[in-house]
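Trainee: Hi! Have you got a few minutes to go through this model with me?
Mentor: Sure, pull it up and ask away.

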Amino acid sequence: MARIRVLVADGHRIFAEALATALTAEPDVDVAAAGSAQAAERALERAAAENRPFQVLLVDADLTPGGAPPPPGSQPRLPEARRTLAPPQRAPVVHLPAQRKAGYGTPPAGAGPAGAGPAGAGPAARIPAPRNGGSGATNGSTAATPNPATTPATTPAAPVGDGLSFAARARAAHPTLQVIVLAVDDDPRRVVQALQAGAGAWVAKESSLGRLMAVIKGVMRDETHIPPLLLTGVIRELTAARRDRTESERLVESLTPREKQVLRCMVAGLGRQAVADRLFLSPHTVRTHMQNVLGKLGVHSTLAAVALARRAGVGPAD
């Protein structure tokens, strides 16, 4: 049986290396680990250049770009399976000034260093999920954690990571690559985003290694794997997206042929004078067409019109 080459990309370095070590115990898997999107992109490119491309990418849904580029002239080799990975260098600790307001910057009760690395994993072990409060501790740096008791209720949620956009880039650059998203949460909207990015599976980080191996072999057969409990929500999200697209298509169909030409120029990012030059119209006429387009689409800005046009499948002018 041909061996499956797997790349694990997860910002929690301990988790990535522990999972890679556990998967190495499988008889038909070669695996390497990367601690950031940048490192994973370099690993994918290097493996393809060496004619040993990865076939499966396991990517953290909240993976951040992270990682500094390698020094000029250096060519670090891709870590092979079973190779002992060197520990990351400890980042300098930034000390806060002695004078500060009382209570400001005080770490929450119970906060402490991230947990120690997972115990030796075998085929029957479970995927070691990262601790909620220790996401930044695996790279050796000390990160302050906001105190929920002093955080205003109106504080916006932290932005999601770059894992899904990285998955889309990886699929575009390596069309034969199968992508499996590893996640801590079960959000049907993000599952739909992952599928739209080209992922073939969504797996909870608390899943067993046996389940993960079954999914890896499944995506190699071009199967799509979604947890059964998420299927209803995913179908609902896909139906809503289809409804939005249908409504957008109906609005675009209400435009005249000339207005559709102007809309495609707007999607291409052309200004009024550029549209006038392309369509051999006066700027005043183009302005009138643009106003009509906004009115018929029921929007108040060019940006909103372009977003609606893209939902309807309208591409830029050639």
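Mentor: We can take a recorded site, then a helix pair, then some backbone angles.

Trainee: Before that, what kind of model is this?
Mentor: This is a predicted model, so let's keep that in mind as we go.

Trainee: OK, where does D60 sit?
Mentor: D60 belongs to strand β3, which covers residues 56-60.

Trainee: And is D60 buried or exposed?
Mentor: D60 is buried: its relative accessible area is 4%, and the cut-off for buried is under 20%.

Trainee: Which residues does D60 touch, if I skip neighbours within four places in sequence?
Mentor: With those set aside, D60 has contacts with A9, D10, G11, H12, G163, L182 and K205.

Trainee: How far is D60 from D162, going by C-alpha atoms?
Mentor: Their C-alpha atoms are 8.8 Å apart, while 102 residues separate D60 and D162 along the chain.

Trainee: What does UniProt list for D60?
Mentor: An unreviewed UniProt entry lists D60 as "modified residue: 4-aspartylphosphate". Annotations of that sort may be inferred rather than shown by experiment.

Trainee: Changing topic: how do α8 and α9 pack?
Mentor: The angle between them is about 105 degrees, and their axes lie 9 Å apart.

Trainee: What do you call that arrangement of α8 and α9?
Mentor: Roughly perpendicular, because angles from 65 to 115 degrees count that way.

Trainee: Which residues meet there, between α8 and α9?
Mentor: From α8 you have R272, Q273, V275 and A276, and they meet P283, V286, R287 and M290 of α9. Sorted by class, this α8 contact with α9 has five nonpolar residues, two charged and one polar.

Trainee: Nice. What joins α8 to α9, and which residue is found there?
Mentor: A loop runs between α8 (272-279) and α9 (283-297), and F280 is found in that loop.

Trainee: What about phi of F280?
Mentor: Phi of F280 is near 55 degrees, so a positive value in a residue that isn't glycine. Most residues other than glycine have a negative phi.

Trainee: Is F280 buried or exposed?
Mentor: F280 counts as exposed, with 76% relative accessibility.

Trainee: Which other residue should I look at for a positive phi?
Mentor: Try N51, with phi near 60 degrees. N51 lies in the loop between α2 (37-49) and β3, and N51 is exposed at 67% relative accessible area.

Definitions and conventions: Residues numbered from 1 in each chain as written. Predicted model: local features only at pLDDT ≥ 70, side-chain atom pairs only at ≥ 80, totals over all residues. Heavy atoms only, no water. Helix = DSSP H or I, 4+ residues; strand = E, 2+ residues; numbered from the N terminus. Buried < 20%, exposed > 50% of the residue type's maximum accessible area, 1.4 Å probe, protein only. Contact = heavy atoms within 4.5 Å. Axes fitted to C-alpha atoms, helices over the stretch in contact; angles between N-to-C directions. Parallel < 35°, antiparallel > 145°, perpendicular 65-115°, else oblique. Nonpolar A, V, L, I, M, F, W, Y, C, P; charged D, E, K, R; others polar.
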